[in-house]
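Hi,

Here is the structure I promised to pass on. Have a look at it first, and my notes on what turned up follow below.

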Number of protein chains: 2
Amino acid sequence: MALSKNKIKYIQSLKDKKHRLEYGVFVAEGTKLVFDLLATCKCQFIAALPEIIAKYPKIIAEEVIIADENELKKATFLKTPPQIIGVFYQPDFDISTTNFDKKLSLVLDGIQDPGNIGTIVRLADWFGMEDVICSPDTVDIYNPKTVQATMGAIARVKVHYTNLTDFLQKHNHLPIYGTFLEGKNIYNESLSENGFIVMGNEGNGIRSETEKAINRKLFIPSFPSERETSESLNVGVATGIICGEFRRRYDFNPSPTANPPH
Amino acid sequence: MALSKNKIKYIQSLKDKKHRLEYGVFVAEGTKLVFDLLATCKCQFIAALPEIIAKYPKIIAEEVIIADENELKKATFLKTPPQIIGVFYQPDFDISTTNFDKKLSLVLDGIQDPGNIGTIVRLADWFGMEDVICSPDTVDIYNPKTVQATMGAIARVKVHYTNLTDFLQKHNHLPIYGTFLEGKNIYNESLSENGFIVMGNEGNGIRSETEKAINRKLFIPSFPSERETSESLNVGVATGIICGEFRRRYDFNPSPTANPPH
């Protein structure tokens, strides 16, 4: 069976958030990403070259379509057509029943750049964070460009969209960290093993409404501290430095000011 | 005087590396970036709205052109036209006379994404690194998209392009760090205050030719270490985590294994 014109049109329509929401699905491309997702996500269909399907006979999907290069070229969002394209159902995580008390999670307040959210979900995966909680206006993780930018991390990290004010208020018994110019030097502060790290929009930072919920304000010092420098770090880089420092405390070299692991 | 059609054509031609090299110039847009550059870089001309020129009467450039919104709209590379566009001469840093013995510098081996090099130069600035040394095939820092992505850091960080094999061989008396899967956990290693941190291409990492020059191999551990995770971090994020860890050792919380500051 070949990849029909209708299926190609359907895949292409999933570039738009409207259609992704309507059908509750998203597109992933390339063997690494598709097979990472097949392990954790329900698959509507995959379309792949015959040699790929022959090589992996146990693909679990509602439909497995043998496609040729020309069909994949018409269906792809990538510059170089992949050997396999998959359409997956958007997972439906129930955030209200998730217990956040004993884990460290990321909160994104209005991140706009698809590359940035992809990078951040990838580093959440790297640092063993199971959940990323996004404000409703944060860029859609299921945008094809973002899905690719996660490099497979989207298969392992749960990305939620919810009203942050309500969510953070419900969890205000936990440490809620955010970076601010007037915050405390992250390297001198005690950092907890659980709670939330809030990262703000690329241009405007954390919204004042969200800021009210933050009970631990930090900053990343520049070096040397008295020098004039760039005004800020890219949000993906800042998230990486912060998550790296939280994780370092518990795995490797707890500083005297850090809370002991429990 | 208005921004002529020829000048608009000239600015637009600088999208191509060939033309940037031919004229030895690059384009920067927006007040923050242009004024950061005016402080450190020789300016061929600026074109700006009359109110901007009235506000900053002391602009030093070979030519100052009063432009209207329509002209700036035709000349810009941005989606939203800026109030000011500047054409600057590419600085001519002499790498052969620079003494690298007492500073920490970044080396980029084939970074391809303009956003990534912009992010990296921005964090070099943040962490007080004066020099970024790039292989000749690393993406051009003077590409208009990259210039904007540096957010002004390009005005303070010296970006060099040179043959890395020769350059690193000349400096092999210094610590030369790189990250590899078989490297040593960065949080357990002694880190020097001087030397080079080499970062590799987004897909292929550090070239084997360059690897030969690396005398200290590191890796950034994931968390928890036994868990299956993303295979790698984005190169900008990895650079941020590494530079942050080097700087933390000397400014804030020297670990017992680190060399003492001198």
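Right after α6(B) comes G128(B), with a positive phi near 70°. Keep in mind throughout that this is a predicted model.

The helix before that glycine is worth a look too. Helix α6 of chain B takes in residues 114-126, and at 1.5 Å a residue its 13 residues should span 18 Å; the C-alpha atoms at its ends are 18 Å apart, so the two values agree. How many of the 13 residues of α6(B) are buried? Twelve of them are, which leaves the helix mostly covered. The buried set is G115(B), N116(B), I117(B), G118(B), T119(B), I120(B), V121(B), R122(B), L123(B), A124(B), D125(B) and W126(B). You'll spot R122(B) and D125(B) in that set, along with W126(B).

Staying in chain B, there is an open sheet of four strands with mixed pairing, in the order β1-β4-β2-β3. Which strands stand at the edges? Those are β1 (25-29) and β3 (63-66) of chain B; each has a single partner strand, so one side of each has no neighbour in the sheet. On average, neighbouring strands here are turned by 15° against each other, direction ignored.

The partner of β1(B) that I looked at is β4 of chain B, residues 84-89: the two pair in the antiparallel sense, over five bridges. Within that pairing, F26(B) sits opposite F88(B) of β4(B). Helix α3 of chain B (residues 31-38) lies across β1, β2 (43-48) and β4 of chain B, and runs at about 30° to β4(B).

One residue of that edge strand got a closer look, namely V25(B), which lies in β1 of chain B. Is V25(B) buried or exposed? With 21 other C-beta atoms within 10 Å, V25(B) is buried, because the cut-off for that is 20 or more. Leaving out residues up to four places away in sequence, V25(B) touches L14(B), R20(B), Q44(B), V87(B), F88(B), Y89(B) and Q90(B). P91(B) is 66 residues away from V25(B) along the chain, yet their C-alpha atoms are separated by 8.6 Å.

Now over to chain A, starting with the overall picture. Chain A has ten helices and ten strands, and its C-alpha trace spans about 65 × 40 × 35 Å along the principal axes. Of its 262 residues, 44% count as buried. If you take the contacts in chain A with a separation of 6 or more, 75% of them come from residues 24 or more positions apart.

The domain assignment splits chain A into domain 1 (5-89) and domain 2 (95-251). Their C-alpha centres lie 30 Å apart. What does the contact between the two look like? On one side there are 15 residues of domain 1 of chain A, and these are in contact with eight residues of domain 2 of chain A. The side of domain 1 that touches domain 2 draws at least two residues from each of α2 (17-23), β1 (25-29) and α3 (31-38) of chain A. Sorted by class, that side has eight nonpolar, one polar and six charged residues.

Chain A also has an open sheet of six strands, with parallel pairing and the order β7-β6-β5-β9-β8-β10. The edges are β7 (158-161) and β10 of chain A; each of them has a single partner strand, so one side of each is left without a neighbour in the sheet. From one strand to the next, the twist averages 35°.

Some detail on β8(A), in case you want to check the register:

- β8 (residues 176-185) runs parallel to β9 (residues 195-200) of chain A, and three bridges join them.
- In that pair, G178(A) stands opposite V198(A) of β9(A).
- β8(A) also runs parallel to β10 (residues 216-219) of chain A, joined by five bridges.
- There, K184(A) has L218(A) as its bridge partner, and N185(A) stands opposite F219(A).

Last item: helix α6 of chain A (residues 114-126) lies across β5 (104-109), β6 (131-134) and β7 of chain A, running at about 175° to β5(A).

Cheers

Note on methods
Residues are numbered from 1 along each chain as its sequence is written. Chains are lettered from A and ligands numbered from 1 in the order in which they are written. This is a predicted model: local features need pLDDT of at least 70, side-chain atom pairs count only at pLDDT 80 or more; totals for chains, interfaces and linings use all residues. The expected span of a helix is 1.5 Å times one less than its number of residues. Two strands pair if DSSP finds at least two bridges between them. Axes are lines fitted to C-alpha atoms, for helices over the stretch in contact, and angles run from 0 to 180 degrees between N-to-C directions. Two residues are in contact if their C-beta atoms, placed from the backbone, lie within 7 Å. Domain bounds come from an automatic or database domain assignment. Ala, Val, Leu, Ile, Met, Phe, Trp, Tyr, Cys and Pro count as nonpolar, Asp, Glu, Lys and Arg as charged, and the others, Gly among them, as polar.
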